[in-house]
Amino acid sequence: MEIKINGTKIILKVGDITEEDTQAVVNAANSTLMGGGGVDGAIHAKGGLSILEECKKIRKDIYPDGLPTGEAVITTGGNLKADYVIHTVGPICSGRFTEREEKLLYRAYYNSLKLAKEKGIKSISFPSISTGAYRCPVDKAAKTAFRALIDFIKNENYIEEIRFVLFTYDVYEIYKEAFNGI
Ligand code: AR6
């Protein structure tokens with residue numbers, strides 16, 4: 001599925017984010033920035049050790065206590081097709097989605113896009129942040145993701161292409177429905 005908002009192309013697709021050829025891909029990281037499972041594990045496994053080395057440096061120089069939830073940092077893409085990885089941390093929902101989780105998830109998407117703009121990045125792929133290990137409800141997470149995206153496009157009018165790369169058809173369908181409801 002593909003649509004345009006204010007000149008920005010938005011694509012929803014099923015796929016593996018480590019295969020995307022956008023300038024940047026977003027990692028659903030945790031605050032340690034030291035890797036993990038899911039998207040994070042796949043990005044570090046395929047991207048190679050240089051990404052981890054850069055993450056270690058960011059921890060040491062900027063975030064000794066870890067990357068706060070809702071913030072974003074950038075490394076190169078290592079062996080990935082993408083030139084950059086933007087690492088962000090979504091909220092741990094454990095099934096809940098109150099105003100707090102919503103705000104933090106919104107910030108994770110918005111700050112990732114802001115950082116992309118700062119680095120001159122024009123195309124970016126997102127996974128479904130916080131809906132795997134962190135167990136946010138997919139429908140609510142999808143609505144929040146689109147809200148952040150549309151706000152960013154309206155405020156900044158910069159990014160040319162934004163992809164949502166969903167791992168399964170079920171999640172893709174929920175994103176599609178959430179998008180149509182906006
Ligand atoms: N490409 C696209 N989507 C994927 C991929 C992939 N290669 N692999 C999984 N997904 P998760 P979170 C989907 O758990 O909920 C990690 O251990 C997955 O099916 O990756 O933000 C980190 O280190 C789900 O729909 O991220 C953190 O500790 C979505 O991506 C924690 O998990 C997000 O699942 C972050 O949890």
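I take a polar contact to be a pair of N or O atoms within 3.5 Å. The model I am reading is predicted.

**Entry 1: polar contacts of the ligand**

I looked up Y134 and found one of its polar backbone atoms 3.1 Å from an oxygen atom of the ligand. By the cut-off of 3.5 Å, I log this pair as a polar contact. I then checked T131, where a polar backbone atom lies 3.3 Å from a ligand oxygen. For D16 I turned to the side chain: an N or O atom there is 2.9 Å from a nitrogen atom of the ligand. I next looked up the cover: on its own the ligand has 700 Å² of accessible area, and the protein covers 87% of that.

**Entry 2: the shell and the pocket**

I asked which residues come nearest to the ligand. They are N30, G37, D40, S130 and G132, out of 21 residues around the ligand. I sorted the shell by residue class and got 9 nonpolar, 10 polar and 2 charged residues. I also asked which element gives the most to the shell. That is helix α1, residues 38–47, with 4 residues. On the pocket list, I found that the ligand takes up the space of the largest pocket.

**Entry 3: strands β1 and β2**

I moved on to the strands. Strand β1 covers residues 2–5 and strand β2 residues 8–14; the two run antiparallel and are joined by 4 bridges. I looked up individual positions and noted that I3 has I10 in β2 as its bridge partner, while I5 stands opposite T8 in β2. The connection between β1 and β2 is a hairpin with 2 residues between the strands. I checked the backbone in the turn and recorded a positive phi of about 50° for N6.

**Entry 4: strands β2 and β7**

I then looked for a pairing of β2 with strand β7, residues 161–166. These strands pair in the parallel sense, over 6 bridges. For K9 I looked up the partner in β7 and found E161. My note on β2 is therefore that it pairs antiparallel with β1 and parallel with β7. As a reminder to myself, side chains in a regular strand alternate between the two faces of the sheet.

Technical notes:
Residues are numbered from 1 along each chain as its sequence is written. This is a predicted model: local features need pLDDT of at least 70, side-chain atom pairs count only at pLDDT 80 or more; totals for chains, interfaces and linings use all residues. Side-chain values use heavy atoms; hydrogens and water are left out. A residue is near a molecule or strand if one of its heavy atoms lies within 4 Å of it. A polar contact is a pair of N or O atoms within 3.5 Å; within protein, one must be able to donate a hydrogen and the other to accept it, and residues adjacent in sequence count only if both atoms are side-chain atoms. Accessible areas come from the Shrake-Rupley method with a 1.4 Å probe; for residues, only the protein chains shown count as cover. On a 1 Å grid over the protein atoms alone, a cavity is a set of points where a 1.4 Å probe fits but cannot get out, and a pocket is an open set with protein on both sides within 12 Å along at least five of seven lines; lining residues have an atom within 4 Å of a point. A molecule sits in a cavity or pocket if more than half of its atoms lie within 2 Å of its grid points. Ala, Val, Leu, Ile, Met, Phe, Trp, Tyr, Cys and Pro count as nonpolar, Asp, Glu, Lys and Arg as charged, and the others, Gly among them, as polar.
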